[in-house]
Amino acid sequence: MPATAAASRAGPPVLEAASLVRDYGPVRAVNHVSFRLGAGEFLSVFGPNGAGKTSLLRLLAGGLRPTSGEVRVSGIPLTVGDRAARARIGILSHLSFLYGRLTARENLRFYGRLHGLGDLDSRVPDRLADVGLERYADSPVDTLSRGTVQRLAVARALLHDPGIVLLDEPYTGLDAYAGAMLQELLSALKDGGRTVVMVTHNLGRGLELADRVAIQVRGSFVFEAERADLDAAGLERSYRRAVEGRA
Amino acid sequence: MTVYLRQVAAIVRKDLLLEVRTGERLAAMGALTVLVAVLFHFAIDQGLVRMQLLAAGLIWMTILFGGMLGMGRTFEMEREQGAIQGLLTSPVPLDGIYLAKVVSNFILVTLIEVVALAAYWLFFGFNYGNDPLLLAGVLGVATLGFVAVTTLFSAISAQTNMGQTLLPILIFPLLVPVVIFGVTATGRIFASRPVQEVEGSLYLLAAFTVVALTAGTILFRYVVEE
């Protein structure tokens, strides 16, 4: 079943992309992408390098202005710099957005202040505990391993309890153990009624978490499916076909 | 408004904390400031030239060069681990990010001015006049105008491969009013001239600063938005 058609099943859309287009000069990075996600839905977007996945995520985050089309959060068009919408979105990237010379606690308190959170004395330790990093609270981020930094980045992304979480290649640079730990943390997102979009190369991990999947090639969604209608082998076949078909 | 100010304060606090931890910008700016003063000390024959007449010009050029060195790196710390994306996708308005950077740069340049005044007093024994409050006011207003322009352009240059090289080329023509009116006002203060002789330059500096801050606040979003 196409993803768009499935929207009604999940109630009113929380996050909606309506014919999103983004050009960089003559290059079209995102080409008329549309989907609707309800509360608690997890969409995994796969695609090769240069498919426009990160541009799509930045459009959804309000960090990039669409050339045409629009993003709607709970039915309200998202504009670049929309403060209210941004407060509802958490972003986890392969880059941590953290400052290496600040400690884990200082980083979280900084982002908490940006979000105008008032209960940081209790919230920050709680979030650190959620990702198992209490003992690293006062360690500078520069001294932490890549996997630990990524767990801290999860705490940063979820610090303000966002209803929408956007994940951009979160497994990049992680070893198998760190990747498994991150997977465990991300699977917990599905319990909280959060709407999640993840772009990744990792078919296995992306499929494991997804309710719906899409394959993006040269900016366009060339394949969309419900998770229930797809197994790992089927996804791999579809992925290969989609990528080779557009190569 | 309170939330806005808290967000701005959070960024300023973070910037200053990082500066205290790394000392990167302050050390470079301070070293250049002192070095320029030392070089002038040896480059100018103080037996032929009345140094006091050059005091305002020397000090302002030193501040501008020293300040420029640090201001060019305003957004460098945000590029590490993509932190700039964390800022730009946070609920902080873009003008708030700009104003926070202006405030933290203002504090750094003010520290450099203290170093410059001390260095020139040490090497040349300059007389800074008898109105320290007026001097602080002129330096404060001119510095605000300087950092308002420089912060905006450092955001522009940070997005180019030639960032550090490009910044002075872009910025020095725009800083001509700060140089002209800053040097005139401080020169007259150093000469202990009446306040009335300083007012004109101070008002023009203030006007420049208001225009620079307003333009920076409005234009910053077009610089960082893609």
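These are my notebook entries on chains A and B of a predicted model.

**Chain B, overall**

I started with the fold of chain B. I counted ten helices and zero strands, so the order from the N terminus reads α-α-α-α-α-α-α-α-α-α. Next I looked up its dimensions. Along the principal axes, the C-alpha atoms of chain B fill a box of roughly 60 × 35 × 30 Å. The radius of gyration is 18 Å, which agrees with the value near 17 Å that a compact globule of 226 residues would have. For burial, I noted that 46% of the 226 residues of chain B count as buried. I also checked the contacts in chain B between residues at least 6 apart in sequence: 85% of them join residues at least 24 apart.

**α6(B) against α10(B)**

Then I picked one helix pair in chain B. Helix α6 (residues 94-124) and helix α10 (residues 196-224) of chain B pack with their axes 8 Å apart, at an angle of about 110 degrees. That makes α6(B) roughly perpendicular to α10(B), because angles of 65 to 115 degrees count as such. The crossing of α6(B) and α10(B) is right-handed.

Which residues in α6(B) and α10(B) meet? From α6(B) I listed B:Leu94, B:Asp95, B:Tyr98 and B:Leu99. Facing them in α10(B) are B:Gly216, B:Thr217, B:Phe220, B:Arg221 and B:Val224. By class, the contact of α6(B) with α10(B) has five nonpolar, two polar and two charged residues.

**Where the chains touch**

I moved on to the contact between the chains, which takes 26 residues from chain A and 25 from chain B. On the side of chain B that touches chain A, the elements giving two or more residues are α1 (2-22) and α5 (83-88) of chain B. α1(B) has the largest share there, with nine residues. I sorted that side of chain B by class and got ten nonpolar, eight polar and seven charged residues.

**α3(A)**

Back in chain A, I looked at helix α3 (residues 104-114). Ten of its eleven residues are buried, so α3(A) is largely enclosed by the rest of the structure. The buried set of α3(A) has charged members in it, among them A:Glu106, A:Arg109 and A:Arg113. It also includes A:Leu108, A:Phe110 and A:Tyr111. What covers the buried residues of α3(A)? The cover includes α4 (120-130) and α5 (146-158) of chain A, together with α1 and α5 of chain B. After α3(A) comes A:Gly116, and I noted its positive phi, near 70 degrees.

**Two single residues in chain A**

My first pick was A:Ile215, in strand β9 (residues 212-217) of chain A. Is A:Ile215 buried or exposed? I found 26 other C-beta atoms within 10 Å of A:Ile215, and buried takes 20 or more, so A:Ile215 is buried. Leaving out residues up to four places away in sequence, A:Ile215 touches A:Phe46, A:Gly47, A:Val222, A:Phe223, A:Ser238, A:Tyr239 and A:Ala242. I also looked up A:Ala51, 164 residues from A:Ile215 along the chain, and the two C-alpha atoms are separated by 9.2 Å.

My other pick was A:Gly179, in helix α6 (residues 176-187) of chain A. With 18 other C-beta atoms within 10 Å, A:Gly179 is partly exposed. Leaving aside neighbours within four places in sequence, A:Gly179 is in contact with A:Tyr171 and A:Leu174. The C-alpha atoms of A:Gly179 and A:Arg151 are separated by 10.0 Å, with their positions 28 residues apart along the chain taken as the spacing.

Notes: Residues are numbered from 1 along each chain as its sequence is written. Chains are lettered from A and ligands numbered from 1 in the order in which they are written. This is a predicted model: local features need pLDDT of at least 70, side-chain atom pairs count only at pLDDT 80 or more; totals for chains, interfaces and linings use all residues. Two residues are in contact if their C-beta atoms, placed from the backbone, lie within 7 Å. Helices (H or I, at least four residues) and strands (E, at least two) are DSSP runs, numbered from the N terminus. Axes are lines fitted to C-alpha atoms, for helices over the stretch in contact, and angles run from 0 to 180 degrees between N-to-C directions. Angles under 35 degrees count as roughly parallel, over 145 as roughly antiparallel, 65 to 115 as roughly perpendicular and the rest as oblique. A crossing is left-handed if the near helix is turned anticlockwise from the far one by less than a right angle, and right-handed if clockwise. The radius of gyration is taken over C-alpha atoms; the globule rule is 2.2 Å times the number of residues to the power 0.38. A residue is buried if 20 or more other C-beta atoms lie within 10 Å of its own, exposed if 12 or fewer, and partly exposed in between; C-beta atoms are placed from the backbone.
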